[in-house]
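These are comments on the model, set out as numbered points. Please read them with the coordinates open.

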Amino acid sequence: MAWKTSYGGFKELRPLFHLLLPLCLHWVAEEMTVSVLVDVTTTALCPAHSTCSQPIYITGIQQTIVGLFKMVVLPILGQLADENGRKPVLLLTVSTTIFPFALLAWNQSKGFVYAYYVLRTISYILSQGSIFCIAVAYVADVVSENNRAAAFSWITGLFSASHVLGNVLARFLPEKYIFSVSIALMIFCPVYMQIFLVETTNKLAPQMDQDLSCLTKRVAIIHRRCVSMKDAATIVMSSSTLRSISLVSFFYEMGMSGISTVLLYYLKAAFGFDKNQFSEILMMVGIGSIVSQMLVLPLINPLVGEKVILCISLCASIAYAVLYGLAWASWVPYLSASFGVIYVLVKPSTFAIISKASSLSDQGKVQGFIAGVQSISSLLSPVAMSPLTSWFLSSSAPFDCKGFSIICASICMVISLCYACKLKPESCSRDDAEAPLLTDI
């Protein structure tokens, strides 16, 4: 039965081919730049220094700004995806990542690195989290409710596979070619989507205000956005499951986003890691994540359910954070990273719980609203993590624990686990009669 569920999840992906192919290439293109960016930014901003607090602070400020704007932008993008269709919003969000990396492909001097941070901040506001949310809404349009957890696990597994391939390319490609290859892949993705991706919604933007003045139109649009955001908030607050999963997501994202902001800089300062070690760690996690998401989760989900998987994954994320924070030798980060094989299941199990508790017509709104809640946490976490990390990496630290900030971040995951244990998943049957809109490629 479990094997049938796993195969069912794979079979459900057939109509999603033209969505997943460009998304996978997009994730490959982004991931292959991650391990290189630490060296590029550190070299540009702090020449001849292996430890540099400036990129840590800039990254923290960037994440704070992104979190601030995402609180508004993500719910709006979710609403637009419900009202105007998934495809145009996906095209917009995927395209924004091209420009910041084009700058670094052109020049990696100090001025261009600063310009990269500006453009990348704008890109993050529009694309970070929103691509996944809209893709999940697209999947909900196509895949039946019983198979969504398996489909989401396959998608996040492909996400991990893309990360592995991106890190392999980063490990073996000469650094001077990495950004050029990345840009070529990023340009290909929206072009492919425009040609082949099929729209899954039949909704069109409201046409009732075509004859109104420009100012009146803008006021009407703002009013509709506010009403729609209020509706999304009402949907979430009226459901105990959606309320609880919002809190789980908030505290998990607060801890994990704080760690991801400073982790590579911490490893570089504490153990002298470079792009090769970064790529090895990320590849190790990615390979294990492929197995856990594409094979293990579809097999165990029918047996234990999303809640149990979520709680186990959160326990793994706590161990991951504590081991990184207490790392006493250069091999410990590799041990810590191995827990990523389990904690990556937080995302697909969360998506499945949210999707089951939402009607088909509200998928974009609800996913976008909860992603907006997560953005609040990503706004708050760097405010503490960036200065705390810089302080404990410096010679003026009050005691010798370079990863103290990461240990503090693990407290947020503990709180998330407490809320997850109280979670009572529910299923929304209001649109059960609605069949998937696509049945084949």
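1. Pro 298 is placed in helix H12. The model is a predicted one, and in it Pro 298 has 1% relative accessibility, so it counts as buried. Its C-alpha atom is 4.8 Å from that of Ala 150, although 148 residues separate Pro 298 and Ala 150 in sequence.

2. Ser 317 is another residue of helix H12. With a relative accessibility of 0%, Ser 317 falls in the buried class. Setting aside neighbours within four places in sequence, the contacts of Ser 317 are Tyr 252, Met 256, Tyr 343 and Met 413.

3. Helix H12 covers residues 275-325, and it also holds Tyr 320 and Tyr 324, which are four residues apart and thus separated by about one helical turn. In general, an α-helix has 3.6 residues a turn, so residues three or four places apart point the same way. Tyr 320 is buried, and so is Tyr 324.

4. How many aromatic pairs are there, counting rings whose centres lie within 6.5 Å? The count is 17. In the case of Tyr 320 and Tyr 324, the ring centres are 4.9 Å apart and the planes meet at 90°, so this pair is edge-to-face. Elsewhere, one aromatic cluster is made up of Phe 101, Tyr 116, Tyr 117 and Phe 179. A ring is also involved at Tyr 124: the charged end of Arg 120 sits over it, 4.1 Å from the ring centre.

5. On the overall fold, the chain has 17 helices and zero strands. Of its 441 residues, 56% are buried. Among contacts in the chain with a separation of 6 or more, 86% are between residues 24 or more positions apart.

6. Helix H2 runs over residues 17-45. Its 29 residues should span 42 Å at 1.5 Å a residue, and the end C-alpha atoms are indeed 42 Å apart. H2 nevertheless has a kink of about 45°, centred on Val 36. As 23 of the 29 residues of H2 are buried, the helix is largely enclosed by the rest of the structure.

7. Helix H3, residues 53-84, is 32 residues in length. From first to last C-alpha it reaches 43 Å, which is close to the 46 Å expected at 1.5 Å a residue. The bend in H3 is about 45° and is located at Lys 70. Gly 85, just after H3, adopts a positive phi of about 110°.

8. Which residues touch the most other members of the largest nonpolar core? They are Leu 242, Ile 245 and Leu 310, in a core of 74 residues. Helix H11 (residues 240-271) supplies the largest share of this core, with 15 residues. A second core, separate from this one, has 32 residues, including Leu 20, Leu 91, Val 139 and Ala 151. As a general point, nonpolar side chains in soluble globular proteins tend to be buried together.

9. The contacts of Leu 242 can be listed once residues up to four places away in sequence are left out. Leu 242 then touches Ile 235, Val 236, Ile 354, Ala 357, Ser 358, Val 366 and Ile 370.

10. Tyr 419 belongs to helix H17. Is Tyr 419 buried, partly exposed or exposed? Its relative accessibility is 31%, and since the partly exposed class runs between 20% and 50%, Tyr 419 counts as partly exposed. Beyond its neighbours within four places in sequence, Tyr 419 is in contact with Leu 247, Val 248 and Phe 251. The C-alpha atoms of Tyr 419 and Ile 245 are separated by 7.9 Å, with their positions 174 residues apart along the chain.

11. Lys 422 is in the segment that follows helix H17 (404-421). Its relative accessibility of 64% is over the 50% cut-off, so Lys 422 counts as exposed. Ile 245 serves as a reference here too: Lys 422 and Ile 245 are 9.9 Å apart, C-alpha to C-alpha, and 177 residues apart in sequence.

Key
Residues are numbered from 1 along each chain as its sequence is written. This is a predicted model: local features need pLDDT of at least 70, side-chain atom pairs count only at pLDDT 80 or more; totals for chains, interfaces and linings use all residues. Side-chain values use heavy atoms; hydrogens and water are left out. Rings of Phe, Tyr and Trp (its six-membered ring) pair if their centres lie within 6.5 Å; planes under 30 degrees apart count as stacked, over 60 as edge-to-face and the rest as tilted. Helices (H or I, at least four residues) and strands (E, at least two) are DSSP runs, numbered from the N terminus. Buried means under 20% relative accessible area, exposed over 50%, partly exposed in between (1.4 Å probe, protein chains only). A charge sits over a ring if NZ of Lys or CZ of Arg is within 6 Å of the ring centre and within 35 degrees of the ring normal. The expected span of a helix is 1.5 Å times one less than its number of residues. The bend at a residue is the angle between axes fitted to the seven residues ending there and the seven starting there. A nonpolar core is a set of buried Ala, Val, Leu, Ile, Met, Phe, Trp, Tyr and Cys residues joined through side-chain atoms within 4.5 Å. Contact means heavy atoms within 4.5 Å.
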